[in-house]
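Ready for a few exercises? Have a look at the model below, try each task yourself, and then follow the solution step by step.

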Amino acid sequence: MSVLKHLLLTFCFIILSKMAFASEQLVVAVGLAKPPYVIQEFDTGFELDLIRNLLKEMGKSTKFVYTQFGHSSKMLKVKAVDAVMTTNKSVFSDSTKLSDTYITYQNVAISLKSSQLTINTIADLANYSIASFQKADMVLGQAFADAVDQSPAYMKVAEQSRQPKLLLKKRVEVLVMDKNIFSYFARTQGIEDIQEQFVFHPIFPESYYRMAFKNQKYVEDFNKTFAKYKLTNEYLALKKRYNL
């Protein structure tokens, strides 16, 4: 084999290898719509764009599959699914498959200002009817789990877009959800003067979420990629785009 032919074959092999690597797709399970983090209708949102950008930096393309948040812990067992986003150690006990924290949510208790409820601690929620997102009783800690056990009525809502109206119609006395998600849905439903109508009770610590990978070889690469990406102007622009 001539030297030139050998070099051409080597070059072709390198190009094809890079194309195969770049086209490798990871299927990521994600909970139902929770804008501004996940806007299912357009397959976008801050969190989806962030994960898509990070996996692109890792040489992967991304396909998102949507499931109820309560089902997400089971999705990693599905053969076609490679990763689950917006999860933590409370949901996945095998920490070797979990990335570092890549996003933080701020859950709050929300009540109608006209109701004049007294909510200074998580334990105070036991006095009121509550609607929360699915698995909230698992991810928000034991104090919240105890409070909802004692609550006169507790419901877990898969579609968080329903929650503002549940409160306005007084179907429940308190909502528990991320403040940014509530504000997004309230605005899109024509609810104005949010600060005038509602009280945000900051009784929860921040919630830190991670990625869970079926193949733990991706965990370290994801962590390194995010550590670099969060220092870029692209990351700052992404946060600004979604008012975060």
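Two strands pair if DSSP finds at least two bridges between them. Helices (H or I, at least four residues) and strands (E, at least two) are themselves DSSP runs, numbered from the N terminus. Residues are numbered from 1 along each chain as its sequence is written, and side-chain values use heavy atoms, with hydrogens and water left out. This is a predicted model: local features need pLDDT of at least 70, side-chain atom pairs count only at pLDDT 80 or more, and totals for chains, interfaces and linings use all residues.

**Exercise 1. Get an overview of the chain.**

Start with the elements: the chain has 10 helices and 10 strands. Next comes burial, where buried means under 20% relative accessible area, exposed means over 50%, and partly exposed lies in between (1.4 Å probe, protein chains only). Of the 244 residues, 47% count as buried. Then look at contacts, meaning heavy atoms within 4.5 Å. Among contacts with a separation of 6 or more, 72% are between residues 24 or more positions apart.

**Exercise 2. Place strand S3 among its partners.**

Begin with S1: two bridges join it to S3, and the two strands run parallel. To find this pairing in the model, look for Ala-29, which stands opposite Val-84 in S3. Now turn to S10, which is joined to S3 by three bridges and runs antiparallel to it. Here Thr-87 stands opposite Arg-210 in S10.

How enclosed is S3 (residues 83-87)? Five of its five residues are buried, so the strand is largely enclosed by the rest of the structure. One residue of S3 deserves an extra look, Thr-86. Its phi is positive, about 55°, although Thr-86 is not a glycine. Thr-86 has a relative accessible area of 2%, so it counts as buried.

**Exercise 3. Follow strand S6 and what surrounds Ser-132.**

First, the pairing. S6 (residues 130-133) and S7 (residues 154-157) pair in the parallel sense over four bridges, and the bridge partner of Ile-130 in S7 is Tyr-154. S6 also pairs in the parallel sense with S8 (residues 174-178), over three bridges. There, Ala-131 has Leu-175 as its bridge partner in S8.

Second, zoom in on Ser-132, which sits in S6. Is Ser-132 buried or exposed? Its relative accessibility is 0%, so Ser-132 counts as buried. Not counting residues up to four places away in sequence, Ser-132 touches Phe-144, Tyr-154, Met-155, Lys-156, Val-157, Gln-163 and Val-176. Take the last of these: Ser-132 and Val-176 are 44 residues apart along the chain, yet their C-alpha atoms are separated by 4.7 Å.

Third, step past the strand to Lys-135, in the loop between S6 and helix H4 (136-139). Lys-135 has a positive phi, near 70°, in a residue other than glycine. With a relative accessible area of 21%, Lys-135 is partly exposed.

**Exercise 4. Explore the loop between S1 and H2.**

Ala-33 is in this loop, and Pro-36 is found there too. Check the peptide bond that joins Pro-35 and Pro-36: it is cis, with omega about 10°. Back at Ala-33, a relative accessibility of 27% makes this residue partly exposed. Leaving aside neighbours within four places in sequence, Ala-33 is in contact with Val-38, Gln-40 and Phe-185. Where does Ile-181 lie relative to Ala-33? The two are 148 residues apart in sequence and 9.6 Å apart in space, C-alpha to C-alpha.

**Exercise 5. Check the length of helix H9 and find what covers it.**

The expected span of a helix is 1.5 Å times one less than its number of residues. H9 (residues 217-229) has 13 residues, so it should span 18 Å; its end C-alpha atoms are 19 Å apart, which agrees.

Which residues of H9 are buried? They are Tyr-218, Val-219, Phe-222, Asn-223, Thr-225, Phe-226 and Tyr-229. To see the pattern, remember that an α-helix has 3.6 residues a turn, so residues three or four places apart point the same way. Finally, look at the cover: the buried residues of H9 are covered by elements including strand S1 (25-31), helix H2 (46-57), strand S10 (207-213) and helix H10 (233-241).
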